[in-house]
Amino acid sequence: MGGNTMQPLANITPLKPAGAIEVRNVGQIFKTTTQDVVALEDVSLDVKPGRFVVLVGPSGCGKSTLLMMMAGLRQQTSGTITISGAPIPEPDPNRVGVVFQEASLFPWLTAEENVEFPLALRGVTKNDRRARAQDALKLVGLDGFGKRHPHELSGGMKQRVSIARGLVQDPPVLLMDEPFAALDEQTRMTMGDELLRIWAATGKTVVFVTHSLTEAVYLADEVIVMSPRPGRIVDHLQVSLPRPRTYEMLSGDAFGSLRDRIWRHIRKSA
Ligand SMILES: Nc1ncnc2c1ncn2[C@@H]1O[C@H](COP(=O)(O)OP(=O)(O)OP(=O)(O)O)[C@@H](O)[C@H]1O
């Protein structure tokens, strides 16, 4: 035998591409003083890198809980979750960015200081973090607004800052928990288009929670519908509407039938 014998392929573990999310048989039970609350039961799903996936379901079905576990903010009671092929035992803004319903900005910091904050925690030098914060603010359409404090920004602008902060470490995955729920309808529509622009420009994997079925179909490549608590997946729709999405699509038959299909699941549980 020569010295150039090749390694058998079976010994090589293929790396999962950055941005893949794998959820396998995940359950979550909250232990309270009076009872055990089974929030999620046997949830499995795969999100391919770069997909825009929306989670919908009745209030209390465990959408936020599932997102928190994908973010490493809470550990599941059973099952496994991997992000880009590895478990997520704690929050890691290099791997997963998170945006919540409330922009949760520090009011005493400027927009750029808020965006820089996670970098400051990691000891990134001031020049480097300023440059990266400015890039992130530019990406979300806030070039020139970096010196403003949160009280000088509109609700939509605050959420843009929050998205910039989620993206400042360039994670392959962005998790968003009802990020536009507190905005007025017009701002919400604009922010949906803005998010789609940012997503197309960056190629991130996005998992987005919403109560709005219109928002779900408008944004998504795929919509995952959950049952009432204990949350399970009851439907997984592919949204094959062309991109870019347009306002006119909202009144089309294809849009309407997807929204109806989701509503039929949710109505059953109302
Ligand atoms: N820390 C906790 N202790 C006990 N129960 C909890 C805890 N956190 C969540 N729950 C319960 O788990 C279930 C799922 O909650 P979760 O917030 O994930 O649902 P959701 O689908 O995001 O709800 P909503 O749509 O109203 O935001 C709910 O019944 C909730 O009351």
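**Figure 1. Burial and overall dimensions of the protein chain in a predicted model.** Of the 270 residues of the protein chain, 37% count as buried. The chain contains 7 helices and 10 strands. Its radius of gyration is 20 Å, close to the 18 Å that the globule rule gives for 270 residues, so the protein chain is as compact as a globular protein of that length. The C-alpha trace spans about 60 × 60 × 50 Å along its principal axes. Among contacts in the protein chain with a separation of 6 or more, 69% are made by residues 24 or more positions apart.

**Figure 2. The two domains of the protein chain.** Domain 1 is made up of residues 36-95 together with 173-270, whereas domain 2 covers residues 105-170. Domain 1 is therefore assigned as two stretches of the chain, and the stretch of domain 2 falls between them in numbering. A distance of 25 Å separates the C-alpha centres of domain 1 and domain 2.

**Figure 3. The contact region between domain 1 and domain 2.** On the side of domain 1, 13 residues take part, and they are in contact with 11 residues of domain 2. Helix α5 (residues 185-202) provides 6 residues of the side of domain 1 that touches domain 2, which is the largest share. By class, the residues on this side of domain 1 comprise 9 nonpolar, 3 polar and 1 charged.

**Figure 4. The shell of residues around the ligand.** The ligand is surrounded by 13 residues, and the closest of them are Phe30, Ala39, Ser59, Ser64 and Thr65. Strand β2 (36-47) and helix α1 (63-70) each supply at least two residues of this shell. The largest share, 3 residues, comes from α1. Sorted by class, the shell holds 7 polar, 4 nonpolar and 2 charged residues.

**Figure 5. Helix α1 and its surroundings.** Of the 8 residues of α1, 6 are buried, so this helix is largely enclosed by the rest of the structure. The buried residues are Lys63, Thr65, Leu66, Leu67, Met69 and Met70. Thr65 thus appears in two views: it is one of the buried residues of α1, and it is also among the residues closest to the ligand. After the helix comes Gly72, which has a positive phi, near 75°. The view complements the preceding legend, since α1 gives the shell around the ligand its largest share of residues.

How values were computed:
Residues are numbered from 1 along each chain as its sequence is written. This is a predicted model: local features need pLDDT of at least 70, side-chain atom pairs count only at pLDDT 80 or more; totals for chains, interfaces and linings use all residues. A residue is near a molecule or strand if its C-beta atom, placed from the backbone, lies within 6 Å of it. Helices (H or I, at least four residues) and strands (E, at least two) are DSSP runs, numbered from the N terminus. Ala, Val, Leu, Ile, Met, Phe, Trp, Tyr, Cys and Pro count as nonpolar, Asp, Glu, Lys and Arg as charged, and the others, Gly among them, as polar. The radius of gyration is taken over C-alpha atoms; the globule rule is 2.2 Å times the number of residues to the power 0.38. A residue is buried if 20 or more other C-beta atoms lie within 10 Å of its own, exposed if 12 or fewer, and partly exposed in between; C-beta atoms are placed from the backbone. Two residues are in contact if their C-beta atoms, placed from the backbone, lie within 7 Å.
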